[in-house]
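Subject: The structure I promised you

Hi,

Here is the structure we talked about, so open it up and keep it next to this email while you read. I'll go through what turned up, bit by bit.

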Amino acid sequence: MIQAAATQQVLESQFTIRPMRWWDIPAVDAIEGDLFPHDRWSTDQWWRELAAPHNHYWVATVNAEIIGYCGLSVQTPDADVQTMAIGTPWQGRGHGKVVLNHLIESSKSFGVRFIFLEVRDDNAPAIALYEHAGFTRMSSRPAYYPDGGTALIFRRDDREANPEQ
Ligand SMILES: CC(C)(COP(=O)(O)OP(=O)(O)OC[C@H]1O[C@@H](n2cnc3c(N)ncnc32)[C@H](O)[C@@H]1OP(=O)(O)O)[C@@H](O)C(=O)NCCC(=O)NCCS
């Protein structure tokens, strides 16, 4: 029941965050292709991601139109943010902040103590978003991306929400 509550969030009358289903793949794929033209996930990868039992994916919608998506891989006590994106026309309106908060609250409800994520070192908007949400930089991985780009590893500590038993 906790999981059901965490995966269905209605923020305004027309904005929702709901679990991603296989029939959402084409709409998500279109946003992915626009935002990540050089290292987009293939349709096959989306199917694999949705099929993995420890993965949780959601889409953000406005008036039923998919405007963004996010995903979490949970292997308690850790979770990894697999992806997170808001379509270009919808950016800068606060949706990213709400979607990230949804990931954090869902993660806590799964009993996670540490959330990890990777972000390109030149992705200033995403880095600012993560830092404002309480993620701290742990390390960097040079040449992590296919084009040689560096990844920064961030972590959020939620031990207070889920103390060690
Ligand atoms: C990163 C991303 C998800 C942010 O979503 P968004 O809806 O535009 O973000 P919001 O409007 O909710 O802004 C939230 C915070 O992000 C940061 N931010 C957003 N756009 C920014 C910009 N252009 N420059 C600097 N910081 C920015 C700010 O800290 C902002 O908080 P503030 O408004 O209180 O200053 C979105 O830009 C995106 O999808 N980018 C492409 C995909 C991507 O890079 N995903 C992350 C991969 S790790």
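First, a term you'll need: a polar contact is a pair of N or O atoms within 3.5 Å. Also keep in mind that this is a predicted model.

Now, the ligand. Which residues hold polar contacts with its oxygen atoms? Gly94 is one of them: a backbone N or O atom of Gly94 is 2.8 Å from a ligand oxygen, inside the 3.5 Å cut-off. With Lys97 it's the side chain that takes part, placing an N or O atom 2.8 Å from an oxygen of the ligand. Asn123 also uses its side chain, and there a polar atom lies 2.6 Å from a ligand oxygen. On its own, the ligand would expose 920 Å², and 71% of that is buried by the protein.

Where does the ligand sit? You'll find it in the largest pocket. The elements that each give two or more residues to the shell around it are β5 (78–86), α4 (95–109), β6 (114–120) and α5 (124–132). Of these, α5 gives the most, with six residues.

In total, 20 residues surround the ligand, and the closest are Ile86, Gly92, Gly96, Lys97 and Asn123. What kinds of residues make up that shell? Ten are nonpolar, seven are polar and three are charged.

Next, the aromatic rings. The structure holds nine aromatic pairs. One to look up is Trp46 with Tyr57, which is edge-to-face: the centres are 5.7 Å apart, with 75° between the planes. This pair links distant parts of the chain, since Trp46 belongs to helix α3 (residues 43–51) and Tyr57 to strand β3 (residues 55–62), eleven residues apart.

Finally, two backbone oddities. As background, most residues other than glycine have a negative phi, and most peptide bonds are trans. Which peptide bond is cis here? One joins Thr76 and Pro77, with omega at about 15°. Pro77 is in the loop between β4 (65–75) and β5. The other one to check is Asn63: its phi is near 50°, a positive value although Asn63 isn't a glycine. You'll find Asn63 in the loop between β3 and β4.

If you'd like a place to begin, try Asn123, which is among the closest residues to the ligand and has that 2.6 Å contact through its side chain.

Cheers

How values were computed: Residues are numbered from 1 along each chain as its sequence is written. This is a predicted model: local features need pLDDT of at least 70, side-chain atom pairs count only at pLDDT 80 or more; totals for chains, interfaces and linings use all residues. Side-chain values use heavy atoms; hydrogens and water are left out. A residue is near a molecule or strand if one of its heavy atoms lies within 4 Å of it. A polar contact is a pair of N or O atoms within 3.5 Å; within protein, one must be able to donate a hydrogen and the other to accept it, and residues adjacent in sequence count only if both atoms are side-chain atoms. Accessible areas come from the Shrake-Rupley method with a 1.4 Å probe; for residues, only the protein chains shown count as cover. On a 1 Å grid over the protein atoms alone, a cavity is a set of points where a 1.4 Å probe fits but cannot get out, and a pocket is an open set with protein on both sides within 12 Å along at least five of seven lines; lining residues have an atom within 4 Å of a point. A molecule sits in a cavity or pocket if more than half of its atoms lie within 2 Å of its grid points. Helices (H or I, at least four residues) and strands (E, at least two) are DSSP runs, numbered from the N terminus. Ala, Val, Leu, Ile, Met, Phe, Trp, Tyr, Cys and Pro count as nonpolar, Asp, Glu, Lys and Arg as charged, and the others, Gly among them, as polar. Rings of Phe, Tyr and Trp (its six-membered ring) pair if their centres lie within 6.5 Å; planes under 30 degrees apart count as stacked, over 60 as edge-to-face and the rest as tilted.
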